[in-house]
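Hello,

Here is the structure I promised to pass on. Please look it over, then read my notes below.

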Amino acid sequence: MTTVRQRRGGRVTEGSEDQPSEEKNVKSDGKVLSDHTGGKLWNILSLTLGGIVAIGLGLLTSFYVATLHENDLWFSNIKEVEREISFRTECGLYYSYYKQMIQASTIQQGLHGLVYDNKTESVRTINILERMNVYQEVFLSILYRILPIQQYLEPVYFYIYTLFGLQAVYVFALYVTSWLLSGTWLSGLLAACWYITNRIDTTRVEFTIPLRENWALPFFAIQIAAITYLLRTHLQPAQERLTLLAVFIATFLFSLTWQFNQFMMLIQALALFILDCFDMLPTAKVIWLYIIQISGLLLVCVLQFFNSMILGSLLISFNASVLIARTIQKNLKKGNLFNRLGKLILHVLLVSSLTLLVNKFIKKSLNLESDEHIFKFLKAKFGFGSTRDFDANLYLCEEAFGLLPLNTFSRLSDTLLFYVYIFSLFPLTVAALVVAFRNLSFYSSSHLPCVSGSNQIQEKAEEYTITLKPDAAYNLIHTVLFGCLALSTMRMKYLWTSHMCVFASFGLCSTEVWRLILKCVHLYTSQRTQVIKYSIPIITLLYISYKFWPGIMDELSELREFYDPDTVELMNWIKSNTPNTAVFAGSMQLLAGVKLCTGRTLTNHPHYEDKHLRERTKQIYQIYAKRSPEDVYRILRSFGTDYVILEDSICYERRHSRGCRLRDLLDTANGHIMDGLGESEPDLKPSLYPRFCEEIKKNLPSYTLHFIRVFQNKTFHVYKLAKYK
């Protein structure tokens with residue numbers, strides 16, 4: 001098991017950064033007051049200073065996570081095989097394609113090896129660029145080959161420094177989003193500080209560097225920042241076009257770098273749909289965002305050789321259904337309250353029905369089953385019947401796909417982030433409900449021509465519009481929906497906690513939030529609002545610095561080193577004692593490392609978004625089930641296996657409770673009673689054979705006839721399969 005061990009010897013407040021007020025300070029003759037030039041100069045100075053702080057914080061974050069990674073593993077001092085082993089599970093698989101491209105004699109040969117790959121899945125040729133989101137590895141490897149840096153920088157450092165550099169982009173985007181929402185860069189500073197001090201819950205880049213989300217989330221943050229800016233009022237046509245282009249590029253890059261992009265953008269599309277239904281966003285901009293999502297995803301689909309999983313995504317079906325429904329239902333936003341509610345319910349039902357029909361039609365036409373395991377998992381997770389499906393249970397039993405642990409909120413509360421987040425969320429949610437109700441109730445009146453009889457209603461509507469601007473409304477629904485996702489699935493918390501930093505800092509520095517709260521307690525004055533919106537964030541920053549700065553310094557001074565001698569010994573043995581064409585079977589996680597460290601052919605791997613691979617993995621995992629040696633041998637040979645690696649940590653697993661151990665999942669799927677004390681389902685039967693991974697170590701004749709042990713240490717046992725003519 002990979003572990004780390006102790007290393008051996010070897011501020012200023014701002015006065016006018018708010019967004020431009022709707023009320024202009026003008027003289028009676030309509031001319032701007034003489035202090036306009038001074039105010040403009042101050043805004044430029046503030047913008048420059050805020051930008052410098054944003055860039056500085058981004059670079060500091062990048063340096064911080066890079067230092068943590070180096071201090072934790074002593075990455076600069078360990079051997080290449082140890083560096084590669086440190087890229088655990090699927091991270092190692094993705095990095096192996098970067099290494100493959102670097103080692104290819106030409107770029108063309110490297111690309112050909114990816115398009116016609118026969119080493120990732122034995123006895124099968126697959127297109128890696130179609131199946132996996134590895135264009136970032138391809139781009140980075142080409143960049144490394146053409147830049148004159150080979151003599152100064154090793155390929156692995158070029159790779160990890162790029163990922164750490166993206167963290168700077170990530171923090172910069174979060175900073176800008178908070179700044180856009182609140183009107184002051186003090187809010188961005190607070191968001192960045194919260195992101196850093198809550199690092200355990202906002203990112204895991206320092207120990208899972210090649211993970212797809214570490215590539216994708218910075219682009220997602222840029223997209224959110226661009227959408228926030230797009231939803232501002234009074235944008236010039238040129239500004240709007242450039243912002244739409246930025247949204248498209250960020251959406252495309254986000255989609256290209258992560259296989260789960262479609263599910264994240266589906267939640268985003270739902271947020272847009274909800275807000276549009278309640279007239280809280282400009283309809284034209286919402287339609288553009290729907291089109292951008294579809295266009296970005298289809299472009300990725302083309303680059304991934306028309307990946308059927310993208311074409312059959314719910315996002316494309318939903319967005320297409322919304323656009324179709326809008327053309328069918330005319331005058332959707334006209335009428336009184338009850339009339340509009342009826343139209344709204346009908347609209348939701350129409351969109352839902354169309355989405356299911358379109359999605360079913362596409363999947364039926366393409367015979368698509370790549371994502372069925374996700375829906376089986378969701379069905380079982382939310383209590384729609386129990387399942388014995390091996391793939392669904394494999395997800396259900398992983399902590400990362402369970403509910404968000406309660407101690408997460410304790411950690412977030414220590415930095416005051418969670419408290420401030422709730423403080424910001426409550427008044428803005430109330431404001432959103434009020435605005436939504438008024439939009440439904442007074443739509444007709446508030447959209448009458450500007451005549452004297454309707455002035456009072458218009459002024460009232462404007463007052464509530466100012467209370468919850470479109471950009472704030474979008475970020476509110478965004479954080480609520482992604483919060484629900486994080487609460488239900490812990491792995492997705494990083495999408496929520498980073499935006500939590502943005503939303504909480506916006507709430508603490510927002511004129512609108514403080515105005516609403518102070519009006520509720522009858523203490524509102526403009527001067528009091530300005531004092532509070534700057535003083536409380538500064539006090540919060542001082543508290544965070546005082547409490548967490550010493551801990552960060554201690555963390556940066558703690559030195560450890562990578563230590564996994566058993567895996568290193570295994571990889572070195574494979575490279576020295578097996579032919580380059582040898583085929584290895586074993587656990588998905590370990591085989592990713594085998595491919596990266598040795599270049600040997602695999603029977604299965606951790607990229608699970610393929611039905612054929614899932615079925616193959618279940619068959620390979622019979623090495624941990626109660627099966628006869630003849631059955632296991634026949635299964636392994638059907639995939640061309642030459643060597644099989646057994647891990648004691650899986651065979652004698654204690655990490656999970658009974659019912660969630662890998663051997664339990666296999667027993668249940670095979671209809672066998674699980675080991676250990678506890679109840680079993682009544683239709684499960686005892687197996688006729690003992691557990692293969694245990695019995696093979698006894699060297700009984702029935703096992704040695706097919707399997708010859710060729711390597712053993714405290715963790716791994718490698719057996720060579722006999723070959724019969």
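**Salt bridges and burial**

D642 is buried, with a relative accessible area of 12%. Buried means under 20% relative accessible area, exposed means over 50%, and partly exposed lies in between (1.4 Å probe, protein chains only). The side chain of D642 forms a salt bridge with that of R637, at 3.7 Å from N to O. R637 is partly exposed, at 30% relative accessibility. A salt bridge here is a side-chain nitrogen of Lys or Arg within 4 Å of a carboxyl oxygen of Asp or Glu.

Before the rest, a word on the source. This is a predicted model, in which local features need pLDDT of at least 70 and side-chain atom pairs count only at pLDDT 80 or more, while totals for chains, interfaces and linings use all residues. Residues are numbered from 1 along each chain as its sequence is written, and side-chain values use heavy atoms, with hydrogens and water left out.

The search of the whole structure gives 31 salt bridges. Side chains of opposite charge can pair when their charged atoms come close. Here are two further pairs.

- E121 and R124 meet through their side chains at 2.8 Å, N to O. E121 is buried, with 0% relative accessible area. R124 is partly exposed, at 24%.
- K333 and D276 also form a salt bridge, at 2.8 Å from N to O. K333 lies in the loop between α15 (314-328) and α16 (337-366), and D276 is in helix α12 (residues 261-277), so the pair ties together parts that are 57 residues apart in sequence. K333 is buried, with a relative accessible area of 13%. D276 is buried too, at 4% relative accessibility.

Which residues share a salt-bridge network with D276 and K333? They are D279, R326 and R340.

**K469**

K469 sits in the loop between α22 (455-467) and α23 (470-488). Is K469 buried or exposed? K469 counts as buried, because its relative accessible area is 17%. The C-alpha atoms of K469 and L281 are 8.7 Å apart, with their positions 188 residues apart along the chain.

**Overall fold and surface**

The protein has 34 helices and 7 strands. These are DSSP runs, numbered from the N terminus: helices are H or I with at least four residues, strands are E with at least two. The C-alpha atoms fill a box of roughly 100 × 60 × 55 Å along the principal axes. The radius of gyration is 29 Å, which agrees with the value near 27 Å for a compact globule of 725 residues. That radius is taken over C-alpha atoms, and the globule rule is 2.2 Å times the number of residues to the power 0.38.

Buried residues make up 55% of the 725. The protein exposes about 32800 Å², and carbon and sulfur atoms supply 63% of that area. Accessible areas come from the Shrake-Rupley method with a 1.4 Å probe.

F375, L378, F382 and F384 make a nonpolar surface patch of about 380 Å². Patch residues have over 30% relative accessible area and no salt bridge, and nonpolar side chains (Val, Leu, Ile, Met, Phe, Trp, Tyr) are joined within 5 Å. F375 is found in helix α17 (residues 372-381). F375 counts as partly exposed, at 30% relative accessibility.

Best wishes

Methods: Patch = residues over 30% accessible without salt bridge, like charges linked within 9 Å, V, L, I, M, F, W, Y side chains within 5 Å.
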